[in-house]
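Here are a few short exercises to work through with the coordinates open. Try each task before reading its solution.

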Amino acid sequence: MLDPLILLPAVINGLTMGAVYALVALGLTLIYGVLHIINFAHGSLLMVGLYGVFFLHRAGVDPYLALVIMVPALFVVGYALQWSVIGKASHGSDQNVLLVTLGVSIVIENLALYFFTADTLTVDTPYVFEMIDLGIALVPLPRVIAFLSALVLAALLWLLIARSDLGRAIRAVAKERQGARLVGIDVDHIFAMSFGIGTACLGAAACLLLPMFYVSPHVGHVFVLVAFTVVVLGGMGSFSGALFGGLLIGVTESVGGLLLGESLGQIGIFLIFIATLMFRPSGLFGARLS
Amino acid sequence: MTRMNKSLSRRHVLTGAAAGAAAGSFGFPAILGAQPAAIKVGILHPVTGALSYSGTQSRFGAQMAIDEINAAGGIKSMGGAKIEALLADAQSRPDVGAAEIEKLNEAGAAAVVGPYASAIALATTQAAARHGLPHVVDVAVVDQVVTRGLMNTFRFGPGVKKTVDTAIENLIKINDAAGKPAKTVMIVHEESAFGSGMATTLNAELPKHGFEIVETIKHANPTRDFSNIVLRVQARKPDLLIPSNYYNEYVLFARALRQQRVAPKAIYSILGGGASSYKFVKEFPDAAAFVMDCNHWFDPRKAAALALKEKTEKQGLFYTYEVFMNYSCVYLLADALERAKGAQRDAIIAALASSTFDMHVMPYGPTRFVNGQNQGAQPVTTQILDKDIKVIYPLAFASGNVVYPMPERRA
């Protein structure tokens, strides 16, 4: 079915959904791409953010206003988690980090199950059914906001990493941990800061996602695999890559669903992923491997 | 047990409490030796994992029934033996469900109630059959659950075929009564055995009754975005939309339909995840308005069903079908235990096989098992009217009048 009246809106749907994937992947590309921490708890931390936004909404705070609370709150959670649990329990070994984050993820999910039950929760905002008419398609307002926010967030993260002292320190730690320590950089603090910033991105993603999605203890699984794919596809540690990768995957999934049937739509994602790994293993925006 | 609603009166409770207090104060030792041994019953559901919401609701319903039965004096024919729940978690996985059956068997369970999902039930009923363990199946609609000749398996609720047949029958009545305004149909279903089986049956049956199926769309679980599916619905403009999905996907789909202002003549779900959910009605009253669903539902005319609804809501829970189906299943089993006069598995299987239990909260006839399927089971068609879920068909159980075609809904 390649009727332009359906194809063009499908591409727009793909772009807006891709922006959501990019939002979730931006934090991961910092944690996974720059620091090489395979963070299996990324989905669970997104879930924590979504519950935070849900309860703030219940207390009368609009999900978008919740940004000013959730971003710092998730930063503190991420910093504390890396400083007190992941960093200490991993003893500097990447394999340990993988297992520790997996363990953290299981603990967080089960705590959520215990405290919040398995109930699926949603928020009803006055703008949930608001639509923006783009001429060829009606796009829900929350999706337009998520799309624009993904662009802004990617730009902010790029500025932070490329232009600030903290960013230079993060890059130094990522490139040569021992050398960074020798020139006086507090490596443990930088790790925790990076993890905190990556988790803070999830706070932003949660605020932008909840008006169009739901939260349950297992909601992280819905996004985390796609987020890992986006990071590798875009190039590890590349924010523009995460943004482009997210959008590409969104459009591929959307158009793939249209051509192959909705349940097979994800095949396209993984075909592109395999092709990227074969022909450009460093990712679309990553540095070429020597 | 012949009456299911035999809760203790206030006087009984006070008398019992006073007697207990007196015995304690006079220092009488508890006569534990005279107490009949508790009957262990496995309550097996997926309380963690993807199906954990349904599993938790199911467990709650079963536990409510057990508490009531025990408070009312237990199983009388066994000297007032109490039912002891052995709570088990299938973790939303068939292999874990089967492993839990082994544990329940080891723990001496007399019978098992559960396990909600079809895929898990296929595994647990087979595992239970190896031990001759009676297994009352609560929901698990896939018909293979009861077509494999397992003598220990008794499904209380209706299967897919019965549900789809009833849904079509009720749909034809509704459409005919309104002058047949719907001619074209579009089906949107989830991809597991439950949704796919239903779509196959609908594709075979609906054309026989004059409906043209313009498209059938299958989607994955989970599906993160329904925008494209809604685009296709918009392009096809079906008179009738038949969704069949789990709750999360149902909510996203209904929202997307509402956002894109898609307005078919009716949305007629079959075992729709959200359409017979008070939660959906409460959280999205506009998107839910006038949606019809053929599903498991309680008999709104029965006082016991309404009392259970009140109790459930007092606990801060929604009164979902998992609650009242499991509640009824435990009473069905208690009735069999009463007639079996013992916890021997063979006797319980025989008692279940000959059950005529009718004191449930469902709009069913008396229980009658043929090859493990309750012939009295039937789904009903509900519609969301005035922000409430009303039964509209069959008319014998109706609590509301059908509104069809669907009026213009507020954008």
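**Exercise 1.** In which helix of chain A is the place of Ala172(A)? Then decide whether Ala172(A) is buried, exposed or partly exposed.

*Solution.* Bear in mind that this is a predicted model.
- Start with the secondary structure: Ala172(A) sits in helix H6, which covers residues 165–175 of chain A.
- Next, count neighbours: 17 other C-beta atoms lie within 10 Å of Ala172(A). Buried would need 20 or more and exposed 12 or fewer, so Ala172(A) is partly exposed.
- Finally, look for contacts: leaving aside residues up to four places away in sequence, Ala172(A) touches Ala180(A) and Ile185(A).

**Exercise 2.** Describe the fold of chain A, and work out how its radius of gyration compares with the globule rule.

*Solution.*
- List the elements: chain A has 11 helices and two strands, in the order α-α-α-α-β-β-α-α-α-α-α-α-α from the N terminus.
- Compare the radii: chain A has a radius of gyration of 19 Å, close to the 19 Å from the globule rule for 290 residues, so chain A is as compact as a globular protein of that length.
- Check the interior: 56% of the 290 residues are buried.

**Exercise 3.** How many residues does each chain bring to the contact, and which element of chain B gives the most?

*Solution.*
- Count both sides: chain B brings 28 residues and chain A 26 residues.
- Rank the elements: H7(B) gives the most to the side of chain B that touches chain A, with six residues.
- Sort that side of chain B by character: 11 residues are nonpolar, 10 polar and seven charged.

Definitions and conventions: Residues numbered from 1 in each chain as written. Chains lettered and ligands numbered in written order. Predicted model: local features only at pLDDT ≥ 70, side-chain atom pairs only at ≥ 80, totals over all residues. Contact = placed C-beta atoms within 7 Å. Helix = DSSP H or I, 4+ residues; strand = E, 2+ residues; numbered from the N terminus. Nonpolar A, V, L, I, M, F, W, Y, C, P; charged D, E, K, R; others polar. Rg over C-alpha atoms; globule rule 2.2 N^0.38 Å.
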